[in-house]
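Biologist: Hi, could you walk me through this structure? I'd like to start with the surface and then wander a bit.

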Amino acid sequence: NLVEGNAVDYVKIALRSTGIIDPYIQQRDKTPSWDGDLFVYYNEQFNKTNLHDIIPVQVKGRTFTKYRNTFQVEIADLLNYKS
């Protein structure tokens, strides 16, 4: 899916620009709730001694003609994130 692929690419570029986040996000992923993980480091050295946290992520892409600052999310995804 081109829309999802573009969304994943954009998210990866934006997160890498922080200098402390290394995204491991797969395209066309079919696992429930999560598409991958964000590895958050204390500094720009991406190694296991500097690893601060791992955050699961779900990426949803869509096309639109008018920007809205809202999006739909499934309750099951929120419950999985909570646990």
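**Surface, pocket and fold**

Modeller: Happy to. Val73, Ile75, Leu78 and Leu79 make a nonpolar surface patch of about 380 Å². Patches are made of residues with over 30% relative accessible area and no salt bridge, with like charges joined within 9 Å and nonpolar side chains (Val, Leu, Ile, Met, Phe, Trp, Tyr) within 5 Å. A salt bridge is a side-chain nitrogen of Lys or Arg within 4 Å of a carboxyl oxygen of Asp or Glu, and accessible areas come from the Shrake-Rupley method with a 1.4 Å probe, where for residues only the protein chains shown count as cover.

Biologist: Before I go on, what kind of model is this?

Modeller: It is a predicted model, in which local features need pLDDT of at least 70 and side-chain atom pairs count only at pLDDT 80 or more, while totals for chains, interfaces and linings use all residues. Residues are numbered from 1 along each chain as its sequence is written, and side-chain values use heavy atoms, with hydrogens and water left out.

Biologist: Back to the patch. Where does Leu78 sit?

Modeller: Leu78 is in helix H2, residues 75-82. Helices (H or I, at least four residues) and strands (E, at least two) are DSSP runs, numbered from the N terminus.

Biologist: And why does Leu78 count as partly exposed?

Modeller: Because its relative accessibility is 44%. Buried means under 20% relative accessible area, exposed over 50%, and partly exposed in between (1.4 Å probe, protein chains only).

Biologist: Now Glu4, is that buried or exposed?

Modeller: Glu4 counts as buried, because its relative accessibility is 15%. Glu4 belongs to helix H1, residues 2-16. Its C-alpha atom is separated by 24 Å from that of Gly19, 15 residues apart along the chain.

Biologist: What about Val57, which strand is it in?

Modeller: Strand E3, residues 51-57, holds Val57. Val57 is buried, since its relative accessible area is 13%. From C-alpha to C-alpha, Val57 and Asp37 are 5.5 Å apart in space, although 20 residues apart in sequence.

Biologist: Zooming out, what pattern does the protein follow along the sequence?

Modeller: The pattern is α-β-β-β-α, with two helices and three strands. The C-alpha trace spans about 40 × 30 × 25 Å along its principal axes.

Biologist: How much of the protein counts as buried?

Modeller: Of its 83 residues, 27% count as buried.
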